[in-house]
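Me: I would like to learn how to read the fold of a chain, and then one of its helices. Could you take me through a case?

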Amino acid sequence: MSLFRLDASILPASSASRSLADLVEQEWVDAHPDSGVTRRDLATAPVPATAWADAVTAKFVAEEERTAGQREAQALATTFADELIGAEALLFAVPLYNYGVSQHFKTWFDLAYTDPRIDPQGTALQGKPATLVTVLGGNYAPGTPKEGWDHSTGWLRRVLEDVWGLDLRVVERPFTLVGVNPALDAFADTALALKLKAEGDAVTYGRELAASKGASTD
């Protein structure tokens, strides 16, 4: 029994996504106290920006002719895939940055995706239970002034659900900048309600993750 957890926030000490992911993880640990948790923190250990290109180009070069960078990138991709495949359940905490996907997560995904076990023809992750925690500084819901500006959540769902085939639950907390940005002070009540809902979802989905089919064999 094991849980793989990935964090992409660049602010570990004050991260809203990490706080919500902690709630999900706690439900897992409570249900499986003897299980392990494999962690990958993309803020403290970012993936080299050149790794994806090195891993891709290595496939077109004879093994004995590959550079040290290409070999290291392929080895790192294998490690990423091993972590995903070897876990019974997956937990991703990925904030929205500048209206798009965190570069830390995108770089990690691109490199992991070069492993043939989890590329478009791979099925190693099909049906694996997973929870995505995502937080947004503003509110991009239908009817809001910035509806459609969130270019992260949809992409994350696409690659985790449709590309990797994960059995995914999503915890989403908007308005995390309320209380930080004075321009958003008028939304304090709404932000609190959204925070409480996200915390409730995190607990609920954490319990579902712990009880999921893929995690029920211990």
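Reply: Let us begin with the overall make-up, bearing in mind that this is a predicted model. The protein chain has six helices and seven strands, and from the N terminus on these elements follow the order β-α-β-α-α-β-β-β-α-β-α-β-α.

Me: How does the radius of gyration of the protein chain compare with what the globule rule gives for 218 residues?

Reply: The radius of gyration is 18 Å, close to the 17 Å from the rule, so the chain is as compact as a globular protein of that length. Buried residues make up 44% of the 218 residues, and among contacts with a separation of 6 or more, 79% join residues 24 or more positions apart.

Me: Turning to a single helix, which residues of α5 are buried?

Reply: The general idea is that an α-helix has 3.6 residues a turn, so residues three or four places apart point the same way. In α5, which spans residues 153-163, the buried residues are T153, L156, V159 and L160; they cover an arc of only 140° around the axis, which puts them on the same side of α5.

Me: What covers the buried residues of α5?

Reply: The cover includes the strands β3 (89-93), β6 (129-135) and β7 (167-173), together with the helix α4 (103-112).

Me: And which residue just after α5 takes a positive phi?

Reply: That residue is G165, whose phi is about 75°.

Note on methods. Residues are numbered from 1 along each chain as its sequence is written. This is a predicted model: local features need pLDDT of at least 70, side-chain atom pairs count only at pLDDT 80 or more; totals for chains, interfaces and linings use all residues. Side-chain values use heavy atoms; hydrogens and water are left out. Buried means under 20% relative accessible area, exposed over 50%, partly exposed in between (1.4 Å probe, protein chains only). Helices (H or I, at least four residues) and strands (E, at least two) are DSSP runs, numbered from the N terminus. The arc is that of the directions from the helix axis to the C-beta atoms. Contact means heavy atoms within 4.5 Å. The radius of gyration is taken over C-alpha atoms; the globule rule is 2.2 Å times the number of residues to the power 0.38.
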